[in-house]
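Here is a friendly walk through one molecular structure. Have a look at it before reading on.

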Amino acid sequence: MYKTIIGLEIHTQLLTKTKAFCSCSTDHFNSIPNQNICPICTGHPGTLPALNEEAVKLAVKAGLIFNGTINKFSRFDRKNYFYPDLAKNYQITQHFFPIVSNGYITIEGKKIRIKRMHLEEDTAKMFHEGDQISTAQESFLDFNRSGIPLLEIVTEPDIESPSEARMFMEKLRNLLRYAEISTGDMEKGALRCDANISIVNLENNQTSKRVEIKNINSFKFVEKALEFEQERLIKNLEANIKMIQETRGWDSTRKETFPMRTKEDDVDYRYFPEPDLPPLILTDEFIDHIRSTITEMPEEKAKRFMIQYDLPQYDAEILTSDKELADFFEKCVKHAKDAKFVSNLIMTDLLRELKENDDEIENLKIKPEFFGELKELMDSNKISSKILKDIFPEIYKTGKSPKDIVKEKGLEQIDDESELRKIIEEIIKENPEEVEKYKNGKKKLLGFFVGEVMKKTKGKANPQKTNEILLELLEKE
Amino acid sequence: MTIEETIGRNIIEESIQKIIEMDKIINSVLRIEKVVGNKNGKYFGIPFLVKDNILVKGTKTTNASKILENYISPYTATAVQKLLEAGFSLIGKTNMDEFAMGNTNENSYFGPVRNPKDLSRVSGGSSGGSAAAVGAGYVPFSLGTDTGGSVRLPASFCGVVGFKPSYGMISRYGVTSFASSLDQIGILSNSVKDVSLVVEIIKGKDKNDPTTLSHTVDLTSNLERDLSDIKICIPKIVYDTDLNISIKNSFNEAVDFLKAKGSKVEVIDIPELEYSVAVYYIIAPSEASSNLARFDGVRYGFRNASLGLNDMYRTTREIGFGIEVKRRIIMGTFNLSADYYSKYYSKALKVRRIISDKLYNILDEYDVMMTPTSPSIPPYMGEKFNPLEYYLMDTFTIPANLAGLPAINIPFGLIEGLPFGIQFIGRQMKDEELLAIANTFHESAKKEFEKNV
Ligand SMILES: [Zn+2]
């Protein structure tokens, strides 16, 4: 029996308009390299940091939603090391007195404790011709990211499996997005995760060395990397292989971890209090004000959905699992005025498309008003539910309105009696044998005739009217 | 030459001409850099000089170091900006000890500064160029920086007024950081009146420097103080220190002069001050080792192109920095290392707190503290000392930096033809009180010496 012990260190970019210590824009995705820079975030002589109050507000907000203690006294420190992506060759962080202590997140009824949360600044981005700094002929630096505020969240080693680590990350991201603290986008680096893992053999109390895995950049890889490492450590324990405390990287193409450095190469960061910034003193009024700005969180929202929209708990929980999804749902309901109709469509068709196409809700082409159109088309019997299912992927992919698609493709249900009658009369004429059998009592053949009508109309015939006309014509003769 | 005497005239070209003609030997001005001030400003036509660790957009800021030999400032320091807006014109950047580390101004990559009163002697440092330039009469005032006495000591050696305001009075934005918690811009000039006028213009809270404080009392409005109404203390350490005998005599003369004016002067024992040099030489190099880490050849400044990142860092800094700078970076790096942090740095912070609290308490009781500015007369150029002897030259000036107190050097006569200066230390953020006492002392002492001549 082995017990797995996992702790996470998470860095999340805070959603401020400007950087942590200067007034440069934080929008580093829609900018050309080194567009949002100034003497401060590129470490020129004589520059000093001026703390962005927005970053403090978001850190306090995060502290509150993760049930933490907001420290009214916190302070900044310098973490000293040399690297080209670090403009001043020190990072301003909070080593000795973090802004938030304690806290927890509940995963399936289990509390995962948070040890501390603190503010710090992001580094620049470095690109190497080739792949590594050691072999590159040239390296390039983009300081757009330099100085973007980060919140570092450190958990206690309360996580007991790779899947639990993944669930923790997903829940954390969801809450961060809900409270508009961060985009939580792992692929874009707005949320980053380092994981510590060690293994204990419960039979003989043998413990593996602790391994830190760095640079994990997706939720899937959090689980995969930890699974790989868990297995590797157990194998080592079983084979009695001597282990070292080390830092490993995750190679997402080879699906394995690789050694980066050992404890012996650990840098001495020479932490000391940042003399350029006074201590950060927070008042009760400030903290209360931030508390009052926290909007509805997922659990509350799910409860509201159950009452306001009369949805089952299952639907409500899935729809509120993501803030954007919940917002999208509510907008759709405004147009369709039928919550269950929208909920069914989202939970089956929309979520499937999202998953298959690996898309984000923010980038959807399908618009909330389309759900209103679909509802209208259904209610007025213009399309059948089968047609709805058929055209949904096209609406999703193209962003064309349902009405236009139905019209373009001529998918509108044939309701016109005389038109239907003409088609049915033709079918009766073409199938004299079956008509004969029907008249001789083989009433089951009605289904055959319905099928023929549908074949001829490509499924557009109004089924009710088709039945009526068929019965009338077959019984008459 | 004072601002008062010059107001209304344009002496910019005249001053530049003086520097070109006279400064070849003194070497106080590194470069003429002309940035003309606001033409509608009250002080238009009056030139000033700035120490070469303060940034002025579009001009070089070398810190007297090879590593920034060709560095062009991308922005202007708040203090300089304010002076330009008031009409003053920058005409050049002054020599200094490399990165403000030193007290004889012999640690400059561009050569030492000579004392304008005796060319065989040093100007003092680290703001030696700024002090010598005022002493030589090029400009009515200049800006320097003072981390442990770097404005007051050269002011004393060059016979000018040198003022270090309370920590937080003047924005440090645009001042190359040496030791952030101790650095402060200082003013060198020929009168306390001028000093007050300049500080009044450049003081105040700056959004670009969170360590600035607001100060609302007008520093120029009342510069007279009845000397018979003040209580002065002299720390006993002044008499315990191995003082040059002539300095001791001159200092006693100043004490007698004040007593004759009716001031109450008392010697008090402040044993804590014994530790101030030690504390300073832990805190200042530690902060410096971190502040100077940015000079690495990656983004700007000198780079020794080299194969591999670590070699580039190592050789760039090896070649780019001078010996004293490297010595302090090594000391600071050691002090902050995980194994020694609690033994040195964190202990030094505690002792600094103790010294500061002691000084605040004493200054609740006394109006000012008084010492000689320097325990020695200006040494000869190239006179050999070991680093420790140099460091002890700051014994009397360092406590004001540790506690963030305002302090000023006032010239008081001559010793063997060399300037001698008295230091007054005042109450925190009560710079107006210190300036009033210093001004009254300075003006009455001047009259006294004129009478004797
Ligand atoms: Zn910036």
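What follows covers the model itself, a metal site and the enclosed spaces.

## About the model

This is a predicted model, in which local features need pLDDT of at least 70, side-chain atom pairs count only at pLDDT 80 or more, and totals for chains, interfaces and linings use all residues. Residues are numbered from 1 along each chain as its sequence is written, chains are lettered from A and ligands numbered from 1 in the order written, and side-chain values use heavy atoms, without hydrogens and water.

## The zinc site

Four sulfur atoms hold the zinc ion: the SG atoms of A:C22, A:C24, A:C38 and A:C41 lie 2.3 to 2.4 Å from it. (Donors are N, O and S atoms within 2.8 Å of the metal, or 3.2 Å for Na, K and Ca; water is not among the atoms, so sites may look incomplete.) In sequence, these donor residues follow the spacing C-x1-C-x13-C-x2-C.

The angles among the 4 donor atoms run from 101 to 113 degrees, and the site is tetrahedral (four donors with all angles between 85 and 135 degrees). A:C24 is buried, with a relative accessible area of 9% (buried means under 20%, with a 1.4 Å probe and protein chains only).

## Enclosed spaces

The largest cavity holds about 100 Å³ of space. (A cavity is a set of points on a 1 Å grid over the protein atoms alone where a 1.4 Å probe fits but cannot get out; lining residues have an atom within 4 Å of a point. Grid points are joined across faces, edges and corners, and a volume is the space filled by probe spheres set on the points.) Its lining has 14 residues, with A:F21, A:I40, A:P49, A:K88 and A:I92 nearest the centre.

Technical notes: Tetrahedral: all angles 85-135°; square planar, octahedral: opposite > 155°, others 65-115°. Buried < 20%, exposed > 50% of the residue type's maximum accessible area, 1.4 Å probe, protein only. 1 Å grid on protein atoms, 1.4 Å probe; cavity = no way out; pocket = protein on both sides within 12 Å on 5 of 7 lines; lining within 4 Å.
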